[in-house]
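Visitor: I am new to this structure. Please show it to me, and I will ask how each statement is reached.

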Amino acid sequence: MARSLLRQQIIQYLLLMVFVSFLAMVAYPLSRPQYVLYRLGQTEWSRGDTTAALKKFEKALSFGNLSNKALLRIGELAFEANNTKIGDTALRALQQGVRVTTVEKDAAAGVYDAHGQPERAAAILESAGTALWENSAAVLHLADLQARLKQFEASFRLYKEILTRDPNNALVCIGYAQALFMAGDYTTAEEMTRHAIELTGKNRESRILLARVLTAMGRFDEAIDLYKAALGESL
């Protein structure tokens with residue numbers, strides 16, 4: 001009798017678990033269809049069916065409430081597929097989130113920047129305000145964007161502020177020198193590049209930049225020597 005009762009309880013428990021699992025399988029797609037569509041889109045993408053994947057992503061976006069990670073991924077893949085409409089929809093939704101980190105903002109800016117929209121990229125980073133300083137890479141990215149957009153004064157202010165906080169950061173020195181070079185301030189660009197060379201031990205990038213600066217200043221012999229040293233070949 002005891003064994004029979006135990007067997008019945010075990011069977012009832014297993015049936016209950018099956019029923020609960022079935023309810024979960026049914027309820028999840030109904031309660032969170034955007035994530036089901038997002039995952040289906042990823043599967044289609046991995047299979048190489050870009051059109052089907054984008055349709056799933058677009059439908060997922062229409063439901064809303066996707067995570068920042070999912071929105072960023074959809075944005076990246078859509079832009080990679082040259083579908084700026086879906087990509088822009090995803091990245092706009094990301095920007096409108098209430099808990100968007102500076103890392104996520106910088107990643108979104110990177111997508112726009114990589115696909116020829118530096119203005120949009122800069123706008124995203126600028127929207128972070130002073131919180132952007134939580135992410136030094138994002139600040140450096142913004143300074144570079146502003147220089148490329150010929151917003152030199154804004155770019156210079158950022159580079160100077162970064163160097164005030166970290167005066168021996170060679171990467172920042174090179175970035176600042178490039179901005180100065182683009183602005184036509186060759187004298188200061190030379191000074192900053194030589195400082196970067198002192199910090200980096202004459203690496204290839206800094207020597208090529210200095211050669212470009214010297215070429216713009218008409219100091220061709222010095223530039224040629226630097227090119228030779230940097231490229232390791234006769235010119």
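Visitor: How much area does the chain expose, and what share of it do carbon and sulfur atoms supply?
Guide: The chain exposes about 13800 Å², and carbon and sulfur atoms supply 55% of that. Accessible areas come from the Shrake-Rupley method with a 1.4 Å probe; for residues, only the protein chains shown count as cover.

Visitor: What kind of model is this?
Guide: This is a predicted model, where local features need pLDDT of at least 70 and side-chain atom pairs count only at pLDDT 80 or more, while totals for chains, interfaces and linings use all residues. Residues are numbered from 1 along each chain as its sequence is written, and side-chain values use heavy atoms, with hydrogens and water left out.

Visitor: What secondary structure does the chain have?
Guide: The chain has 13 helices and 0 strands. Helices (H or I, at least four residues) and strands (E, at least two) are DSSP runs, numbered from the N terminus.

Visitor: Why does the span of helix H12 agree with its number of residues?
Guide: The expected span is 1.5 Å times one less than the number of residues. Helix H12 (residues 204-216) has 13 residues, so it should span 18 Å; its end C-alpha atoms are 19 Å apart, which agrees.

Visitor: Which residues of H12 are called buried?
Guide: Buried means under 20% relative accessible area, exposed over 50%, partly exposed in between (1.4 Å probe, protein chains only). In H12, the buried residues include Ile-208, Leu-209 and Leu-210. Of the chain's 235 residues, 38% count as buried.
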